[in-house]
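Visitor: I would love a close look at one part of this protein. Could you pick a spot and walk me through its surroundings, step by step?

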Amino acid sequence: MSAFNLTFHHKDLICSLVRTKRVTISLTCTPEGTVQVRGPLRTSVDDAKKVIDANMPWIRHKLTVMKTARKELFYDEKSIRLLGRSFTVLEGDRHDHGEDWIMIPQNAENRKKAIDKSCRMLAEKVFRERIDHFAPLIGVKPGKVKIGWGITQKWGSCSRNGDLYFTWKALFCEPYDLDYLVVHELCHLRHHDHSQRFWTCVACYVPDYQACRERMEKVHAAIRAQGWVNY
Ligand SMILES: [Zn+2]
């Protein structure tokens, strides 16, 4: 730990202060259930505590979300929960998938990486189907569709020229929430921003999209907590 980082306790929370050459102070909750304050070099522990106190309701909410996230297990070696149901993880001679199973090569050195590849293939099929369903309804024609493995804060994106990107990790979400994601990106082909007009467009097809966003936030925390980010 460098001189610029330190850990301290505040109330019942384990907190850390990370001092860098930044100008503003920011606050995050980690999947491990700690609170991290990042601030300029001159930030003191007292400054950090003030920021924490000022944001206590938000911190409590985030930590509860993260705690639930650690409990809902998505994967237990033999099965993986995708699209709201259980898929058996089979070992075979190839990467493949079916209605309720995925196949990975036998004795895969990195099991998660092997699962990653099979899930990406499954995601290509699932997203293709949902895009084919929603694109004509919304009246848009997407360009290329790329399925990746990344997950930061984004489940998907839409480029200026109309190409769409989705992470296969959206398969960890319920089918209805995955539909919201598809609708969200397709609506960007009409409105390249998050303006009121954009959200009105989304609401035409997914009226309760706000609930989808909240559920997906929980899934996102769970994915992070269960090591589906780097492997
Ligand atoms: Zn968007």
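Guide: What follows is a walk around the zinc site and the helices beside it.

Please keep in mind that this is a predicted model. For orientation, the protein has six helices and 11 strands. Its C-alpha atoms fill a box of roughly 55 × 50 × 30 Å along the principal axes. Of its 231 residues, 45% count as buried. If you take the contacts between residues at least 6 apart in sequence, 49% of them join residues at least 24 apart.

Now to the metal. Which residues hold the zinc ion? The ion is coordinated by the NE2 atoms of His184, His188 and His194, at 2.0 Å. Reading along the chain, you will find these donors spaced as H-x3-H-x5-H. Are His184 and His188 buried or exposed? Both His184 and His188 are buried.

Let us stay with His184 for a moment. This residue sits in helix H4. Its relative accessible area is 9%, and because buried means under 20%, His184 belongs in the buried class. Setting aside neighbours within four places in sequence, His184 touches His194, Phe198, Trp199 and Val202. His194 is also a zinc donor, while Phe198, Trp199 and Val202 belong to the H5 side of a helix contact, which is the next stop.

Helix H4 covers residues 175-187 and helix H5 covers residues 196-205. Their axes come within 9 Å and cross at roughly 140 degrees, so the two helices are oblique to each other. The crossing is right-handed. From H4, the contact is made by Tyr180, Val183, His184 and Cys187, and from H5 by Phe198, Trp199, Cys201, Val202 and Tyr205. Sorted by class, these residues come to eight nonpolar, one polar and no charged. The zinc donor His184 thus appears in this helix contact as well as at the metal.

H4 has another partner to look at. How does it pack with helix H6, residues 209-225? The angle between H4 and H6 is about 110 degrees and their axes are 9 Å apart, so these two helices are roughly perpendicular to each other. Here the crossing is left-handed. The H4 residues involved are Tyr176, Asp177, Tyr180 and Leu181, and those of H6 are Tyr209, Cys212, Arg213, Arg215 and Met216. This contact has six nonpolar, no polar and three charged residues. If you would like a residue to click on, try Tyr180: it is listed in the contact of H4 with H5 and again in the contact of H4 with H6.

A further residue in the neighbourhood is Ile138, which lies in helix H3, residues 111-138. Where does Ile138 make its contacts, leaving aside neighbours within four places in sequence? Ile138 is in contact with Val183, Leu186, Cys187, Arg190 and Tyr205. Among them, Val183, Cys187 and Tyr205 also take part in the contact of H4 with H5. The C-alpha atoms of Ile138 and Tyr205 are separated by 8.4 Å, although the two residues are 67 residues apart along the chain. With a relative accessible area of 2%, Ile138 is buried.

To finish, here are some loop residues for contrast with those buried positions. Asn107 is in the loop between strand S8 (101-105) and H3. Asn107 is exposed, with a relative accessible area of 70%. Its phi is near 55 degrees, a positive value in a residue other than glycine. Glu77, in the loop between helix H2 (56-71) and strand S5 (79-82), also has a positive phi, about 75 degrees, and is not a glycine. At 45% relative accessibility, Glu77 counts as partly exposed. Gly33 lies in the loop between strand S3 (26-29) and strand S4 (35-40) and is partly exposed at 28%. From Gly33 to Pro207 is 33 Å, C-alpha to C-alpha, with their positions 174 residues apart in sequence.

Key
Residues are numbered from 1 along each chain as its sequence is written. This is a predicted model: local features need pLDDT of at least 70, side-chain atom pairs count only at pLDDT 80 or more; totals for chains, interfaces and linings use all residues. Side-chain values use heavy atoms; hydrogens and water are left out. Donors are N, O and S atoms within 2.8 Å of the metal (3.2 Å for Na, K and Ca); water is not among the atoms, so sites may look incomplete. Buried means under 20% relative accessible area, exposed over 50%, partly exposed in between (1.4 Å probe, protein chains only). Axes are lines fitted to C-alpha atoms, for helices over the stretch in contact, and angles run from 0 to 180 degrees between N-to-C directions. Helices (H or I, at least four residues) and strands (E, at least two) are DSSP runs, numbered from the N terminus. Angles under 35 degrees count as roughly parallel, over 145 as roughly antiparallel, 65 to 115 as roughly perpendicular and the rest as oblique. A crossing is left-handed if the near helix is turned anticlockwise from the far one by less than a right angle, and right-handed if clockwise. Contact means heavy atoms within 4.5 Å. Ala, Val, Leu, Ile, Met, Phe, Trp, Tyr, Cys and Pro count as nonpolar, Asp, Glu, Lys and Arg as charged, and the others, Gly among them, as polar.
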